[in-house]
Amino acid sequence: KRIPCPLDPKHTVFEHNLEKHLKKCNSREKPKPVFYVCNINSGFDGLPGTQEDQVPISSLSKEELETLIRTLKKATSGLNCKLKEQILSHEALQDALNDPKNGDTALKHLHQQSSLLGNMDHLGLLGPNRCFVEFGAGRGKLSHWIDIALQEASNVHFLLVERATTRFKVDGKHRNASSVFERLHIDIQHLALSKVPILKKGDIAVVGIG
C-alpha cells in the first residue's frame, strides 16, 4: 500500500518502507548553512510587533485605510519616484537574438536580458573583481549571459540564490573557465549575505541582479 509522504504529500511511498524513506527523502529537513539567519530580511527582526501582528489591507476599516494612505504619502514625499525607461542592448546576446528558432516568449526574455546587461554596462557594473548575486535565479540565464559578456574578465563570481530545486539549469554551459558559480538553496528571507564564505573577506564588489 502506498501512502503520501509525511514530509511532502506530492509524492507517495510504500507504507512498509516509510521509516527507511524518511531518512533519505529529499524533502527532509537538512542542516542549515552558515549563511542562514532566520528572518534576517523579513523586516520584523528586532522591530516592535511581529509577523503575526500583521493584518491584510482588506480587513482595515475605511478610517484605518485613510490613515495608512496618509502615513505612506508622508513617508514617500521626499522620494523621486519618477522612473525613466531606458531600453538598451548588449552585444553578448546578439547571436541569440538573431536565432530564427526563437519563439515569441524566448525572444521577449532575450530582449529583457539584453537590456538588463546594456543598462548594467552603462552604469559600469560589468567588470572584473565582482560577485554577481542573482536573486530568484531559476535556471540562471541572467548570470549565464553576464558570464558570456565578461569572457575576458578575471576574478568573477556568481551566487545563484533560489529556494526551490530547478530543472534545466544552464550551469553546465558556462564558457569562462575562470568564473566561479555557486548555487545557494535558500529563501531570500533567511539569507545573510555577509556570512557567505566568498563574501566574508569583503574584498570583492557585490552586484545584485534578478
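Begin by selecting Ile57, which sits in the loop between α1 (18-24) and α2 (62-75). The coordinates in the viewer are those of a predicted model, and the tour should be read with that in mind. With a relative accessibility of 56%, Ile57 counts as exposed, because the threshold for that class is over 50%. Add Leu65, Leu68, Ile69 and Leu72 to the selection and show the surface: together with Ile57, these side chains make a nonpolar surface patch of about 420 Å².

**From the surface to strand β3**

Now move to strand β3, residues 130-135, and display its surroundings. Of the 6 residues of this strand, 5 are buried, so β3 is largely enclosed by the rest of the structure. What does β3 pair with? On one hand there is strand β4 (residues 156-161), which runs parallel to β3 and is joined to it by 6 bridges. To see the register in the viewer, select Cys131 and then His157, its bridge partner in β4. The connection between these two strands can be traced by following the chain out of β3, through helix α5 (residues 141-149) and into β4, a β-α-β crossover that is right-handed.

On the other hand there is strand β6 (residues 205-209), which is also parallel to β3 and is joined to it by 5 bridges. Here the residue to pick is Arg130, whose bridge partner in β6 is Ala205.

**Strand β4 and its two faces**

Select β4 next and colour its residues by accessibility. In this strand 6 of the 6 residues are buried, so β4 is largely enclosed by the rest of the structure. Which residues lie on each face of β4? Val156, Phe158 and Leu160 are on one side, while His157, Leu159 and Val161 are on the other, and both faces are covered, since all of these residues are buried. Besides its pairing with β3, β4 is joined by 5 bridges to β5, and these two strands run parallel.

**The phenylalanine cluster**

Keep Phe158 selected and show its ring, then look across to β3, where Phe132 stands opposite Phe158. The structure holds 2 aromatic pairs. One of them is formed by Phe132 and Phe158, whose rings are stacked, with 5.5 Å from centre to centre and 20° between the planes. This pair links distant parts of the chain, Phe132 lying in strand β3 and Phe158 in strand β4, 26 residues apart. Are these two residues buried or exposed? Phe132 has a relative accessibility of 0% and counts as buried, and Phe158, at 1%, also counts as buried.

Now turn to the ring of Phe181. The centres of the Phe158 and Phe181 rings are 4.4 Å apart and their planes are at 10°, so this pair is stacked as well; the angle qualifies because planes under 30 degrees apart count as stacked. This contact again links distant parts of the chain, with Phe158 in strand β4 and Phe181 in strand β5 (residues 180-184), 23 residues apart. In the strand pairing, too, Phe181 in β5 is the bridge partner of Phe158. Phe181 has a relative accessibility of 23% and counts as partly exposed. With Phe132, Phe158 and Phe181 displayed together, the ring pairs can be seen to link the three residues into a cluster.

**The salt bridges**

Finish with the charged side chains. Side chains of opposite charge can pair when their charged atoms come close, and the structure holds 2 salt bridges. Select Arg163 and Asp187, whose side chains meet in a salt bridge at 3.1 Å, N to O. This pair links distant parts of the chain: Arg163 is in the loop between β4 and β5, and Asp187 is in the loop between β5 and α6 (197-200), 24 residues apart. Arg163 is exposed, with a relative accessible area of 63%, whereas Asp187 counts as partly exposed at 22% relative accessibility.

For the last stop, select Lys32 and Glu29, which form a salt bridge whose closest N and O atoms are 3.0 Å apart. Lys32 counts as partly exposed, at 44% relative accessibility, while Glu29 is exposed, with a relative accessible area of 68%.

Note on methods: Residues are numbered from 1 along each chain as its sequence is written. This is a predicted model: local features need pLDDT of at least 70, side-chain atom pairs count only at pLDDT 80 or more; totals for chains, interfaces and linings use all residues. Side-chain values use heavy atoms; hydrogens and water are left out. Buried means under 20% relative accessible area, exposed over 50%, partly exposed in between (1.4 Å probe, protein chains only). Helices (H or I, at least four residues) and strands (E, at least two) are DSSP runs, numbered from the N terminus. Two strands pair if DSSP finds at least two bridges between them. A crossover is right-handed if, with the strands pointing away from the viewer, the path from the first strand over the helix to the second runs clockwise. Patches are made of residues with over 30% relative accessible area and no salt bridge: like charges are joined within 9 Å, nonpolar side chains (Val, Leu, Ile, Met, Phe, Trp, Tyr) within 5 Å. Accessible areas come from the Shrake-Rupley method with a 1.4 Å probe; for residues, only the protein chains shown count as cover. A salt bridge is a side-chain nitrogen of Lys or Arg within 4 Å of a carboxyl oxygen of Asp or Glu. Rings of Phe, Tyr and Trp (its six-membered ring) pair if their centres lie within 6.5 Å; planes under 30 degrees apart count as stacked, over 60 as edge-to-face and the rest as tilted.
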